[in-house]
Amino acid sequence: MSSRAGPDPQLGWVVAALAVVTGVLGILVMLAPVIADDPVVSWPPAGQQPSSTVLPLSPYRPLQLTATVPCTTLQALAARPGGGEALRTLPADVGTAPGEGLVVTAAQGVVTVTASGAEVLRETLPAGSCSYQVLADAGGVRVSRDGAGIDTRSDLLVPQVAELQTDAVTSTRGLTVALHTDARYQSHPTLLKTALLVAEGLALAALLVLAWRWGRGEGPGLIRPRLSWADAVVVVVSGFWVVAGPVNIDDSWYLLMARNAMQSGYVGNVIYQFNVTENPFVASQYAMQAWGAIGGEWSLGWMRLLPLAYGLATYALLRVLVATMLGRLVVGRVARRPAVAWAVAAAHLLWWLPYGMTLRPEPLIALGTAAVWVLAELARRRRSVGVFAVAVAVAALTVTASPTGLVAAAPLVVCLPWLWQWWRAASGRNRVAAVLLMGAAASIVVPVGFADATLGDVLESVAVHRWYYRQHAWYDEYLHYANLLVPDDRGAWGKRLPVLLTLGMLLAVALGAGHRRGTAGRSGRLLGHAAGITALGLAVLALTPTKWVNHFGAVAAPATVLLAVAMLRSPLPRRAGTATVIIGSAGLVAAASVAFAGPNLWRPLSDWGQPFGNHQLLDTPYVQSLLAPSLGPLALRNPLLWLAVAGVGWWWLRRLGPARAVLVTATRLGVALMLVVFTVAPLRQYPGTSVALMNLRALTGRSCGLAPAVQVLAGVEPGLGPPAGAAALTGDMRAAPLPESTPAPITEPSSTVWHDDVPSGTGIGTLQTPWYPLPGHLRGGWVTVPVRGTLSKDQWLAVQVATGDPASPDRVRTVAVPAIGPAVGDKPDWTQVSIALADAGLAAPTAVRVVARDRVAGPGSWLAVAQPRLTAPRPVADIIAGRPVFADQVSAGLWPCADQIAVRDGMVAPPALRLRAADGLEDAILYNSTFAGNGGTLLQVDRTAKFVELPSRLTPPGAPTLDWGHVDEVVYIHPAGLVDVRVGTLRRAGWTRLPTLIGQRYTGRAYTG
């Protein structure tokens, strides 16, 4: 069948019928029932008496809560002075009074029940034997006594739960709580859904095979390019980048999604938004989940082999695309010239080095976009509707990685001219078949996006994302570029350069378009196609609801081709006028200058040892802008440099031209400089650890990431002796518990705390603690001091070390604590600072004491100091071994051996330790997982615990840098785990939506758009 005659109409009806079947099966898959988990928490555990326990839920409100409170328990509490609480599910200092939890109290003969911020019941407590029941579910909150309803509030949500706490110590028999946690996304397909998934997959595969045969068309195929040394360079550099490339701030976030899915059974956000499912945008996490299971580890080095594969596959496809579009007719002149391979390699590395080595979805999107473009070009050459259908399927599949995957549809536009011609010539049957075929091909999103999620799940997830995450409209697209130009990590020069050069080249192509008619040739056509697809891809990014710089990596494939072809032939033809050449070249000069004005700043973790400027001073955007790269005294941001490059291209290298001269120079310099700075950084850091060293060890099977390099200062035995003498205090400083309740800063219950947090006081005072004897025969050792408060650089803390009799020392040396300055700010939890005894320079120290001075007056200013401890360095691996750990969303990939907690069954496993990244990003890191307005998954942990930082350090030390990170001990207000958990199952229809998680009542967050 010739392409001119068109596809067989009879076979077209088969294609149409199979397309309808495929589409119907896809719809049925989304609506098919699932078997959902139904975790039930019972308190107290079977055979035990009620005892207060922490129970951090995420989402914060269970689907159903049933509490039974015996009257005997309430009567015993009412008999106490001031009464007491029989049950509380949220700490008293959380939320607006009377709190978003459930509280059942008895005082002065009255029983009161409050739930979700409202009083539900207040009545006289009956005498004798009886029992109150509180039932909360989607119908509201109902209170009954001995089965008889008393009061109902149908307008209330189920109360939040972070703890199950009781003041009762006697007469607790019958006090129980049973709650069904909200694990709505934990499900697996029923047999019916599994059968539908298999049928839909088989039907889709058969349809695409049949469509390929039905509309295969006629014409040339793809051209395989000749191998080049440039290809070898790309492979070697890509392999090196697995080890040395920068850490993306979202790498560990996506890794945690995949890792947690191994336990929860679905891909959720894991850090905030209540861990709702990410479906249908889960393709990249599924790949990571499978890769982690294959390797049996979750180190950054191992996981980076995935983006390595994506990048090499993308490069190979682009090499095929360029060779094919340049064509056989120019084999001797362009298509197989070595410069072609080198141009594609340089452009690919320019984009891939800053944007490609990441666990985010963009590398997979770039691969999908390249594949779509290759298939679209093959379809265009053959005039094949069947090949075009496969391209549509790949584009739709790419969208399941992220909303930015819409970029993959941009290459399909190159097929519109011949598709219009085909449509005009096709019969009615073939037209219908083609439309149905394209719709069915796009249904490939169903087996990926809905295999372990229902339509109801996805609709609720989308609603949650829209409510709890700031959504930007298309006209806010300028924020993408504004963020790129911020002089901090977002606007690092390496991230700016490919984007700005691409924008400059789009301008040059647009200016030269009017002068290229009739002389474009194949390279000109490829340049035009690449420019159009890149521009469309950038426009598509405007439709995404977030505006992060990382999104630019999604357009890497067409932008790579654009820059590569522009390096082979000038976008500004010779016939273009002088004004056109000047404007086009000026755009590229500006692009290079602004790009290299970005700082050489690669936080988190990858900034250690980086050259150019002082990387310890990052206080202001101006200071960060001073980190811009240079070649000795020559600043690369100087526009005169790039004007000189353009001038060389204009006057001396006329064949190159000014625009190409700037593009080629900036591209080569950018690639070379990226490789240089990420080679120099780990070498400067050595023998201290670095991302490169950790990845290298991971790939050789000898690494637990940061763990071997981190030491913490832990208490030693025997410790400091009892105090000799009394403390000397002035001003508001006093020895007393802090006004608000808090766990002790250290394990010793007798620890003394001094502070100047006095109501109506001045907040000024000084402290000189008693002398604490050191144990005999001490070798080395550190003194650690817990501090809290609104810390300021004007506050001063030091440890004095003495020799002789502790009651009357003969020599005293003062060692100032350097860490209180960097710890400036409100520190509600205990921060421990330390000094080495060796720093005092005394041969045989016998005693230590702490001196502190707080001269910062004003409301809210205060300082608290606890008694010192004797500590010694211990490997952090010993501290975290066998204990549940939360390694945060920035550094988790560098803690592969830690026992990472899971968010599953509607609960968060309470961590014993918290591992945090630093680099000056601490506040932003904590905010994500503990902020109620974002649905932070660890919010209820934060509400029921205090975090005591253990002093830590990297060993051996490397180049001077900001803090490496933090190790926090988690101290809970109650023991954890004093409940029974049983996970049942129930059948749920695919269209069912459970009570929504959105709305201001749920967490207090109003919709922000």
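These notebook entries concern the aromatic rings of a predicted model.

Entry 1. I searched the whole structure for aromatic pairs and found 20. I then looked up Trp-241 and Phe-678, which form an edge-to-face pair. Their centres lie 5.3 Å apart, with 75 degrees between the planes. I noted where the two residues sit in the chain: Trp-241 belongs to helix α4 (residues 229-244) and Phe-678 to helix α24 (residues 658-685). The pair thus links distant parts of the chain, 437 residues apart.

Entry 2. I asked whether the partners of this pair are buried or exposed. Trp-241 counts as buried because its relative accessibility is 0%, under the cut-off of 20%. Phe-678 has a relative accessible area of 3% and is therefore buried.

Entry 3. I turned to Phe-388 and Trp-418, an aromatic pair that is edge-to-face. I recorded 6.5 Å from centre to centre and 90 degrees between the planes. Phe-388 lies in helix α12 (residues 385-399), whereas Trp-418 lies in helix α13 (residues 416-425). The two residues are 30 residues apart, and their pair links distant parts of the chain. Phe-388, at 9% relative accessibility, counts as buried. Trp-418 counts as buried at 3%.

Entry 4. I looked up which residues join in one aromatic cluster and found Tyr-60, Phe-274, Tyr-468 and Tyr-1002. Over the ring of Tyr-1002, a member of this cluster, sits the charged end of Arg-61, 5.2 Å from the ring centre.

Entry 5. I also looked up Arg-914, whose charged end sits over the ring of Phe-947. The distance to the centre of that ring is 3.7 Å.

Key: Residues numbered from 1 in each chain as written. Predicted model: local features only at pLDDT ≥ 70, side-chain atom pairs only at ≥ 80, totals over all residues. Heavy atoms only, no water. Phe/Tyr/Trp six-rings, centres within 6.5 Å; stacked < 30°, edge-to-face > 60°. Helix = DSSP H or I, 4+ residues; strand = E, 2+ residues; numbered from the N terminus. Buried < 20%, exposed > 50% of the residue type's maximum accessible area, 1.4 Å probe, protein only. Lys NZ or Arg CZ within 6 Å of the ring centre and 35° of its normal.
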